[in-house]
Amino acid sequence: MAAVATMPVSDLLKSFKLKTKQQELLIRVSILCLVYILAFITRLFSVLRYESMIHEFDPYFNYRTTLYLTQNGFYDFWNWFDYESWYPLGRIVGGTLYPGLMITAALIYRILHFLRFAVHIREVCVLTAPFFASNTTLVAYFFGKEIWDTGAGLVAAILISVCPGYISRSVAGSYDNEGVAIFALLFTFYLFVKAVNTGSLAWSLASAFGYFYMVSAWGGYVFIINLIPLYVLVLLITGRYSMRLYVAYNCMYVLGMLLAMQIRFVGFQHVQSGEHMAAMGVFFLMQVFYFLDWVKHMLSDTKLFQAFLRITVTCAVAVGTIALGLGMLSGYISPWTGRFYSLLDPTYAKDHIPIIASVSEHQPTAWSSFMFDFHILLFLFPAGLYFCFKRLSDATIFIVMYGLTSMYFAGVMVRLILVATPAVCLISSIAVSATVKNLTVLLRSKNKGVQTGSTKGSSSSKASSKALLDQSQPFQKNGAIALLFGAFYLLSKYATHCTWVTSEAYSSPSIVLAARGAHGNRVIFDDYREAYFWLRQNTPPDAKVMSWWDYGYQITAMGNRTVIVDNNTWNNTHIATVGRAMSSYEDEAIEIMRSLDVNYVLVVFGGVTGYSSDDINKFLWMVRIGGGVFPVIKEPDYLVNGEYRVDKGAAPKMLNCLMYKLCYYRFGEMLTEYGKPPGYDRARGVEIGNKDIKLEHLEEAFTTSNWIVRIYKVKPPNNRW
Amino acid sequence: MSQKTKMAPKPDPQSASNVAAADAASQFSMDPFFHVLKLVPFSFLRPPRLRLKLPSFSLPSAMTVFSLILLTYFMVVSGFIYDVIVEPPGIGSTQDPATGAVRPVVFLPGRVNGQYIIEGLSSGFMFVLGGIGIVLLDLALDKNRARNIKVSYSIAGISSIVIAYVMTTLFIRIKIPGYLR
């Protein structure tokens with residue numbers, strides 16, 4: 001103790017002084033820690049504003065299955081047949097979902113309980129997505145380090161932590177497959193690029209397991225199994241075949257394929273589906289390359305080898321084409337499914353599959369969506385591509401291909417901006433890192449120039465050039481400082497934009513609606529949950545509820561009642577039956593409802609509040625989908641001169657169909673806005689046409705406080721004599 | 001550790017047999033297609049003496065590919081696919097309630113994911129301009145050029161970035177009225 005006290009302060013400080021390498025490590029680690037925390041807390045807006053609850057529609061199904069998993073164990077979950085949805089068909093849950101998300105959340109739950117943190121499974125589910133977003137920033141750092149250098153890795157981690165394209169689907173409460181899948185996607189790509197760079201079997205094995213995790217998490221794994229073969233093909237064409245590539249791709253493909261078949265939902269698709277055939281084709285092509293390489297190594301005669309090359313290539317191409325043709329003709333290899341085919345031919349869904357075309361997330365992307373989700377990354381992306389092309393290597397070719405393919409798909413479907421986000425962030429980070437490096441080299445170059453000028457001899461040309469250099473040095477140095485400040489300004493604008501977008505646009509739970517009242521105060525509409533809890537507490541346990549498929553998951557999870565159709569949309573005819581019931585007259589509809597054993601009908605109506613995503617606005621999709629299967633429903637019957645109206649000039653079929661009656665029952669006497677007649681629909685902005693509505697076979701059971709959700713009970717048939 | 005093998009371009013069998021037929025007398029060939037073709041049509045047909053060269057395709061340079069990619073990026077980011085599928089008008093119009101005259105509306109109001117064709121193209125152009133500005137800055141810092149070219153590149157680069165950023169912020173502010181408030 002005395003010895004320490006007698007040591008002077010300067011010696012103490014000197015003992016703490018770090019070497020440059022250690023200083024750099026300290027800076028890097030502290031930046032990564034701050035970015036990790038930032039990625040987590042920027043996604044917590046809705047938890048702080050409302051409460052910790054699950055958002056949207058799909059996450060409710062995931063939550064319900066996770067609850068079942070934690071309560072009943074893995075084998076009951078894997079073999080679960082759910083009789084509470086898609087009445088009377090039921091749903092084989094174990095075989096029709098991607099279990100990765102549920103198993104991850106259940107694992108975190110078990111670990112926390114093992115450490116004696118008694119959290120509810122709902123809290124774990126709500127915070128799973130931000131946790132994995134933080135992990136994604138770490139993977140982005142390592143990936144950036146692999147492609148370019150550590151500076152690019154750090155910038156990539158920073159950019160991806162706040163990028164709105166990623167935040168939109170990984171905010172707290174958004175308990176959906178994408179929250180985990182983007183982490184798995186980037187992780188798999190990182191492991192594969194590392195395997196190609198090092199040629200090590202260990203990294204290839206790791207990438208196969210990463211692929212397995214991705215297959216278990218999301219249907220978008222098809223992107224990986226097509227991008228990686230495309231990347232291998234590009235490397236082969238540009239003459240970069242090597243043993244490293246051979247080891248990496250073979251190991252990853254074979255093991256990854258075998259592991260992927262463990263997921264029942266995927267099954268044998270890797271050998272049977274047309275979408276996976278590219279990977280198999282490239283696999284065989286790699287074997288041909290290896291074989292030719294080996295023969296060339298054995299033969300010393302080049303002319304003989306040329307002839308052998310021609311024969312082998314012709315035979316290989318012929319055999320491959322015949323095999324593919326036989327597979328497709330015999331039907332063993334199924335063609336591309338509609339969802340993925342519409343990515344290649346965007347006009348396909350509009351004409352042929354109305355269910356896919358009706359989802360708002362599947363619309364093509366306009367420039368403002370890009371700007372909203374990417375901001376200055378849209379400038380940095382082409383610049384980053386330029387830097388990648390300047391320094392081509394196996395890794396930069398990969399990131400360029402990932403960026404281009406994902407940007408094209410993001411242009412086709414708004415939802416896929418999420419898949420493009422990691423690539424855009426990585427390529428932009430290359431641009432930022434390279435530009436900042438150029439500028440700082442300029443800042444430091446003055447000292448070096450003076451040194452070399454003084455140590456070398458003074459020839460006249462060198463002296464004159466040195467004089468010129470001296471004149472421009474301060475100007476260049478000031479210019480570099482100004483440009484660095486400009487770059488800092490742009491990046492801070494990016495951070496401001498991202499935080500504003502997250503706060504305003506992407507933190508709404510969708511199940512709780514918020515609006516600004518007359519005096520600017522915030523008004524909360526909690527009607528959905530009010531209606532579901534009414535269902536839970538006031539209907540018999542075996543009651544069956546008919547509603548449009550959007551609300552199915554929420555009704556089963558919160559209302560705990562059987563539904564007819566839900567968001568899984570696996571049976572188009574069943575949905576069309578419901579659509580037909582909603583768009584028919586009450587007498588026809590009651591026949592359909594009796595045949596389905598329906599006890600309650602639930603509709604969503606936004607006329608009182610001005611809520612625009614209600615069933616009247618979705619009604620035309622019900623008509624189209626119903627009409628797609630039952631030709632008796634014709635869309636022109638509901639339109640007037642091609643226009644969709646609900647006021648006095650509306651079509652008679654529209655004014656008397658079941659959906660209209662259920663939504664506007666008793667609405668004719670309602671005063672919704674000052675100065676407007678009773679029955680004024682605030683969402684459509686018109687006074688409704690048919691105010692005097694009488695229901696014969698249904699009676700009103702419950703309407704929520706703001707009239708958003710309305711529940712009707714189906715009356716039992718009259719007694720017969 | 002890496003071995004790079006340059007693979008020869010893959011010819012089709014017909015031209016292969018033509019080339020092989022030319023020097024049939026000079027060497028023995030182990031190509032079975034060649035022997036079959038020597039027998040079936042070419043024992044009684046005489047192929048003409050042509051001076052044909054096999055088309056040799058060389059890979060384009062990296063910068064050519066980059067400029068093609070820049071063009072594709074411009075099309076994707078200006079919402080070209082949206083234009084093809086949704087088919088919005090080139091520019092919108094609204095009627096002035098007071099005078100009754102028809103005024104053009106450049107930016108589609110009301111939603112984030114919607115556009116007219118011209119607003120998409122102009123925004124896409126601004127994005128590409130910003131990207132090119134950064135590329136010009138990097139070219140300006142390259143040591144092996146004359147000084148006046150470096151200065152002009154850097155001025156062009158800086159002004160491109162500034163213009164692109166200011167215009168894009170202006171566009172998004174017009175499109176989304178509540179932006180950053």
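The exercises below treat a predicted model with chains A and B, each followed by a worked solution.

Residues are numbered from 1 along each chain as its sequence is written, and chains are lettered from A and ligands numbered from 1 in the order in which they are written. In this predicted model local features need pLDDT of at least 70, side-chain atom pairs count only at pLDDT 80 or more, and totals for chains, interfaces and linings use all residues, while side-chain values use heavy atoms and leave out hydrogens and water.

**Exercise 1. Describe the fold content and burial of chain A.**

Step 1. Helices are DSSP runs of H or I with at least four residues, strands are runs of E with at least two, and both are numbered from the N terminus. Chain A has 32 helices and 11 strands.

Step 2. The C-alpha atoms of chain A fill a box of roughly 120 × 75 × 65 Å along the principal axes.

Step 3. A residue is buried under 20% relative accessible area, exposed over 50% and partly exposed in between (1.4 Å probe, protein chains only). Of the 721 residues in chain A, 53% are buried.

Step 4. A contact means heavy atoms within 4.5 Å. Among contacts in chain A with a separation of 6 or more, 72% join residues 24 or more positions apart.

**Exercise 2. Give the corresponding description of chain B.**

Step 1. Chain B has six helices and two strands, in the order α-α-α-α-β-β-α-α from the N terminus.

Step 2. Of its 181 residues, 32% are buried.

Step 3. For contacts in chain B with a separation of 6 or more, the share from residues 24 or more positions apart is 55%.

**Exercise 3. How many residues does each chain bring to the contact, and which residues of chain B lose the most area to chain A?**

Step 1. Chain B brings 64 residues and chain A brings 66.

Step 2. The size of an interface is often given as the accessible area lost when the parts come together. Here buried area is the accessible area (1.4 Å probe) that two parts lose on being put together, summed over both. For chains B and A this comes to about 5,900 Å², with 75% on carbon and sulfur atoms.

Step 3. On the chain B side, Tyr73(B), Ile85(B) and Tyr165(B) lose the most area to chain A, together 11% of what that side buries.

Step 4. A salt bridge is a side-chain nitrogen of Lys or Arg within 4 Å of a carboxyl oxygen of Asp or Glu. The rule finds one across this interface. Asp138(B) and Lys390(A) meet in a salt bridge with an N to O distance of 3.0 Å.

**Exercise 4. Is Glu178(A) buried or exposed, and which residues share its salt-bridge network?**

Step 1. Over all chains the count is 27 salt bridges. In one of them, Glu178(A) meets Arg169(A) at 3.2 Å, N to O.

Step 2. Glu178(A) counts as buried because its relative accessibility is 1%. Arg169(A) is buried too, at 15%.

Step 3. The network links Arg169(A), Asp176(A), Glu178(A) and Arg415(A).

Step 4. For a second case, take Arg645(A) and Asp647(A), whose side chains meet at 3.2 Å, N to O. Arg645(A) is partly exposed at 28%, whereas Asp647(A) is buried at 17%.

Step 5. For a third, Asp692(A) and Lys694(A) form a salt bridge at 3.0 Å, N to O. Both residues are exposed.

**Exercise 5. Examine the backbone at Trp86(A), Pro88(A) and Ser510(A).**

Step 1. Most residues other than glycine have a negative phi, and most peptide bonds are trans.

Step 2. Trp86(A) has a positive phi, near 55°. This residue is found in the loop between β1 and β2 of chain A and counts as buried, since its relative accessibility is 0%.

Step 3. Pro88(A) lies in the loop between β1 (81-82) and β2 (91-92). The peptide bond from Tyr87(A) to Pro88(A) is cis, with omega near 0°.

Step 4. Ser510(A) also has a positive phi, near 65°. Its place is the loop between α25 (460-504) and β3 (513-516), and at 25% relative accessibility Ser510(A) counts as partly exposed.

**Exercise 6. Where does Thr66(A) lie, and which residues does Thr66(A) touch?**

Step 1. Thr66(A) is in helix α5 (residues 58-72) of chain A. Its relative accessibility is 0%, so Thr66(A) is buried.

Step 2. Not counting residues up to four places away in sequence, Thr66(A) touches Met102(A), Ala105(A), Ala106(A), Ile121(A), Cys125(A) and Tyr175(A).
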